[in-house]
Amino acid sequence: RNDGRAALMSSPKLTAPSEARSTRSTKRNGSPSKRETTTNGNKIHDSNGTHPNGTNNRLQASNDSKLGILLLFLFRTLVLDMPLVLLLSVYISVLLLHHVYDEYLVPQAELMSWTENRKTNEMTYYDRSCTVKDMSTNSTDDLLISSHTTPTQCMHHMAKHGVSLYPNILQEETADELREWIVQQNKMEEGFYVISGKHRFTFGIGVNQAPIVTQALKEIAEHPVFRPAIEEICGDNPAVIEFTAITSEFGAEDQFWHQDTLPQGSSFKHARTFVPSYSLFVPLQDTTPEIGATEICPGSHVCNQRERFCVDHGFPASGKDGVWPKSTGALVNQHLYHRGMAHTDPNGLDRVLFILTFSPRPRMNSGEVETRLISMGGSYSLNWRQWGHTLNDFGNAATAMKEPWKTLKSLGMYKSKDSDWGWDMPAVASMRIINDDNGYHVGDLEDWLETKGGFSFLPAELQAEFDEETGWPGFLETTLKNCERAAERIYFFASGIYLILFMTLALYRKLCGTKTSGAPFVRAVIRIVVSHAAVIALACYAAHSMGKTPWAQNIRHGRAHTLPMAETFPVDMLPGTLPNKRDVLAETKYESKYLAGTNYIIENAQPGNVNFNEIVAANSVGYEGLSSALKLQLTLDIIDWVGQDMGRFLTQNEEGNWAKMSTQNAQKFVHKSIVRTTNIVVANVLTELAYLISETKFGVLRDRAMHRLHIPEMLNNLQDLILNPPTFALKNNTDVTTASSSSISSLLIVPHSFLPEIPTLADNVAPVVRLPSLPPIYEISEPFPGAWLEEGDIVEAKYNGIYNEWYRATIVDLNVDASTYDVEYDDGEADDDLCRICVRPYESLQLGEEVEVREEENETFYKGVVVAVNEDDTVDIDTGEDGLFENVHPGYVRRSEPEPEVKVGSRVEALYQRGTVWYDAVVTKLRSDGTFDVLYDDGDTELRVKRKNIRVLP
């Protein structure tokens with residue numbers, strides 16, 4: 001050692017002791033190394049005479065050790081830690097999904113449930129039956145929208161006709177290229193259901209599936225006429241709820257006339273329950289009737305029964321002998337009757353329609369409440385990843401609808417700050433499941449499980465079995481529980497294996513005498529705690545963030561999709577009646593800004609209101625300059641003129657039924673209408689006031705005392721100050737249909753002890769403009785017997801609506817949604833949901849009339865003749881051999897009529913498959929066993945229908 005040290009110190013390159021010490025090496029146990037180095041030129045020799053590079057050996061060993069540690073770390077992370085964290089994430093995700101299902105989706109679905117009890121209370125129109133006279137036009141010329149048409153005019157046009165034609169929706173080059181792409185894709189894509197589907201192709205288009213699709217969407221979203229029009233109709237940035245194409249090739253048959261949404265899910269009958277929807281059909285070639293132009297029935301969008309007149313009077317969008325030009329988009333209210341025509345031209349092009357459907361987007365902002373659903377019955381052919389989006393998103397699809405953000409928005413989980421929510425898929429699916437809507441019937445679930453195997457990403461063992469009683473809700477609930485149990489078992493099993501592995505390693509190291517034998521197990525536990533805490537914290541943050549969204553808060557507080565009408569407890573309620581087309585409807589459930597074009601449906605499409613508005617417009621000149629007396633006289637004249645046209649002034653009572661207005665309220669309504677017609681400034685102010693009043697009735701704070709009592713009173717007082725109405729009153733609150741306008745003095749009731757002078761023209765400072773005189777008033781009568789029946793009236797009712805036996809009864813309730821009556825017979829029995837033609841006004845029994853009578857304790861009826869009518873309304877009836885029945889109450893007397901003959905071609909209503917709903921049909925065959933074959937108006941056929949399940953239409 002001394003020789004070696006002397007040799008090192010004598011070297012000219014190593015003069016410092018520190019440098020010599022730097023070459024010294026020791027063994028792990030602290031003993032000196034055998035290796036002693038000397039310098040000989042550029043080589044280093046050890047004491048044994050060998051010369052390996054010692055420094056490189058140490059570096060190599062160090063590198064090998066680091067590589068081993070890195071490989072061990074990667075192995076442990078990828079094979080042990082990450083799978084365990086992934087399993088935990090799956091387990092937590094299933095728990096979170098189950099939490100969302102229980103806390104939000106189930107309550108949301110319950111709020112969306114459309115029940116029989118809601119149909120009358122939430123009615124905003126009525127169940128209107130139409131005839132050919134209700135067609136708004138029979139020419140496509142009246143449906144064209146020009147480049148100079150304003151958005152407001154477009155909105156009123158849509159409200160009147162239900163269909164509008166917009167030329168040049170797409171550039172010609174875009175339409176040609178898009179058509180070529182769709183034809184190529186037709187047989188490559190899985191299609192949606194389409195009526196008369198043979199030789200018809202349809203599929204859900206992806207917004208970014210091809211550049212030409214993105215370009216076409218951009219052109220539609222930026223169209224200078226269509227974009228402002230659709231926003232005036234639906235509201236700003238409407239939601240997109242359907243995006244598809246339908247192609248018809250030669251051999252496609254006529255579709256039956258249909259609506260794309262069901263009458264019971266109509267936005268017209270229930271404007272605050274369902275949103276309206278409008279489909280834009282864009283032909284990508286010049287389309288003739290021979291290649292299948294769409295047939296339309298303008299004006300039928302407000303009709304809620306299968307309208308037979310459309311079969312004979314509907315016409316193609318091309319005109320009967322013309323061409324529907326390429327790129328001329330037909331914007332069609334989905335409640336309009338229409339159909340695809342047959343493709344009968346063997347040399348014609350395939351007819352391709354590019355289709356987008358729009359609706360008002362949901363109100364999801366703070367301080368808003370959304371009570372509406374998308375209309376029921378629609379097919380809504382839309383790729384599931386594209387729900388939740390709006391026209392702005394579709395118009396900028398290349399940037400606004402990229403993955404994964406497109407899917408997250410579809411699921412209602414995320415949207416950018418500068419975008420709006422559309423109708424997300426969970427909300428739409430919830431609504432359609434709970435209401436057994438198209439695509440979500442119980443039978444659809446069974447077919448889906450049998451043909452598709454259910455969810456493609458889940459093993460069949462985890463999916464619930466089909467149960468007809470529980471349907472979709474039961475299937476989803478059970479599947480979630482199965483997934484939760486499976487994820488829980490797999491996770492805890494893997495965690496146990498993980499811990500056992502590291503405990504085994506620690507025990508092995510301890511047996512080998514390693515001092516740090518427990519370190520791997522401790523580090524494993526720490527890693528589990530840290531990684532699991534991160535996953536759990538992230539899940540808690542996600543749950544907390546979701547709970548803070550307006551959507552979740554509205555559901556939690558019962559505001560989202562809550563009942564649109566506040567619960568009322570009426571005391572003295574106006575008796576309900578079934579409206580007619582000639583009635584003037586003073587609606588009370590519209591007038592909200594977010595309803596957009598729906599606010600104007602009654603004004604544009606109810607014949608009685610259209611007629612009333614024409615009378616007001618023709619006779620309101622100079623109204624402001626009239627004396628109060630003449631204003632009163634004019635309002636009465638208008639009321640009488642409406643009555644002469646067999647119309648009434650109706651408003652809605654607390655239950656949602658329409659009821660006749662008192663003459664005083666009708667006069668106020670007429671006065672308000674005249675003022676709005678003559679003064680545009682006042683009209684705009686009154687519109688804003690109406691919006692505020694509606695907010696107190698239908699807004700998020702409607703249950704607060706301020707909104708129920710004080711604010712409406714203040715707003716109504718302000719409205720009266722603006723209108724400055726004359727004193728409207730009639731003695732005994734005379735009914736509108738019987739009021740007389742012959743005397744001004746009979747008009748006034750003054751609560752003071754003295755009677756002021758009646759104002760005259762001389763009392764007015766403003767100049768008076770002479771009013772054109774109204775036509776003379778003739779006798780006022782109802783349009784048909786029983787048209788003006790109302791609750792409480794004494795009537796005759798057709799027993800069960802089937803037998804031609806008429807019994808005296810009282811109307812106890814009515815259903816405006818279905819135009820039916822509930823009656824209670826004088827003998828104590830009752831009938832519900834009797835059709836309108838099954839109830840008629842009661843006419844007193846007459847001497848000599850042939851009737852049938854029974855005793856109070858006996859159910860047997862005897863034929864006889866009325867021989868006496870007593871002062872107490874009882875009658876004496878002579879039955880011949882069965883004796884004389886004296887002082888018989890009319891409740892034990894019935895009128896019988898022969899059953900109308902049913903023959904081939906008879907227009908009837910039939911109970912489909914012996915159900916409870918009557919459907920219009922035509923008898924096609926009489927069978928020897930007394931049954932009938934019928935063809936329903938929607939194209940279905942039923943054989944061997946019994947006579948009791950058929951009633952002949954008048």
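User: Left-handed or right-handed: which is the link of cysteine 835 and cysteine 838?

Analyst: The link is right-handed, with 60 degrees about the S-S bond. Keep in mind that this is a predicted model.

User: What makes cysteine 835 and cysteine 838 a disulfide?

Analyst: Compare the distance with the cut-off. Two cysteine sulfur atoms must lie within 2.5 Å. Here the S to S distance is 2.3 Å. The pair therefore counts as a disulfide. Both cysteine 835 and cysteine 838 are buried.

User: How many disulfides does a search of the whole structure find?

Analyst: The search finds three. Counting bonded cysteines along the chain, the pattern is 1-3, 2-4, 5-6.

User: How do you know that cysteine 130 is joined to cysteine 303?

Analyst: Their S to S distance is 1.9 Å. The limit is 2.5 Å, so the pair passes. With -100 degrees about the S-S bond, this link is left-handed. Cysteine 130 sits in the loop between helix 4 (116-121) and helix 5 (151-161). Cysteine 303 sits in the loop between strand 8 (294-296) and helix 9 (309-313). The two are 173 residues apart, and the pair links distant parts of the chain.

User: Why is cysteine 130 called buried?

Analyst: Buried means under 20% relative accessible area. Cysteine 130 has 7%, so the label fits. Cysteine 303 has 0%, so cysteine 303 is buried as well.

User: What joins cysteine 297 to cysteine 310?

Analyst: A disulfide does, with S to S at 2.2 Å. The torsion about its S-S bond is about -80 degrees, so this disulfide is left-handed. Cysteine 297 lies in the loop between strand 8 and helix 9, and cysteine 310 lies in helix 9. The pair therefore ties together parts that are 13 residues apart in sequence. Cysteine 297 is buried, at 0% relative accessible area. Cysteine 310 is also at 0% and counts as buried.

User: What makes cysteine 540 count as partly exposed?

Analyst: Exposed needs over 50%, and buried needs under 20%. Cysteine 540 has a relative accessible area of 48%, so it falls in between. Cysteine 234, at 2%, counts as buried.

User: Which residues of helix 8 (residues 226-234) are buried?

Analyst: They are Phe226, Arg227, Ala229, Ile230, Ile233 and Cys234.

User: Why do you say that these residues line one face of the helix?

Analyst: Look down the axis of helix 8. Its buried residues fall within an arc of 160 degrees, so they line one face. The general rule helps here. An α-helix has 3.6 residues a turn, so residues three or four places apart point the same way. Glycine 235 follows helix 8, and its phi is positive, near 105 degrees.

User: How do you know whether histidine 389 is buried or exposed?

Analyst: Its relative accessibility is 1%, and the limit for buried is under 20%, so histidine 389 counts as buried. Histidine 389 is found in the loop between strand 13 (373-374) and helix 10 (391-395). Setting aside residues up to four places away in sequence, histidine 389 touches eight residues by name: Ala239, Val240, Phe394, Met401, Lys406, Lys409, Ser410 and Gly422.

User: What lies 3.2 Å from a polar atom of the side chain of histidine 389?

Analyst: The backbone oxygen of glutamine 386 does. A polar contact needs a distance within 3.5 Å, so 3.2 Å meets that limit.

User: Why is strand 18 (residues 794-798) called largely enclosed?

Analyst: Four of its five residues are buried, so the rest of the structure largely encloses strand 18.

User: What makes strand 18 and strand 19 (residues 805-815) a pair?

Analyst: At least two bridges are needed. These strands have five, in the antiparallel sense. They form a hairpin with six residues between them. In its turn, asparagine 800 has a positive phi of about 60 degrees. Alanine 797 has tyrosine 807 in strand 19 as its bridge partner. Strand 18 is also joined to strand 22 (residues 839-841) by three bridges, and these two run antiparallel. Glutamate 796 stands opposite arginine 840 there.

User: In the open sheet with the order 31-30-29-28-32, what makes strand 31 (941-945) and strand 32 (950-952) the edge strands?

Analyst: Each pairs on one side only. The sheet has five strands, with antiparallel pairing. Strand 28 (residues 907-911) pairs with strand 32 over three bridges. Glutamate 909 stands opposite arginine 951 in strand 32.

Notes
Residues numbered from 1 in each chain as written. Predicted model: local features only at pLDDT ≥ 70, side-chain atom pairs only at ≥ 80, totals over all residues. Heavy atoms only, no water. Buried < 20%, exposed > 50% of the residue type's maximum accessible area, 1.4 Å probe, protein only. Contact = heavy atoms within 4.5 Å. Polar contact = N/O pair within 3.5 Å; in protein donor to acceptor, adjacent residues only side chain to side chain. Arc of directions from axis to C-beta.
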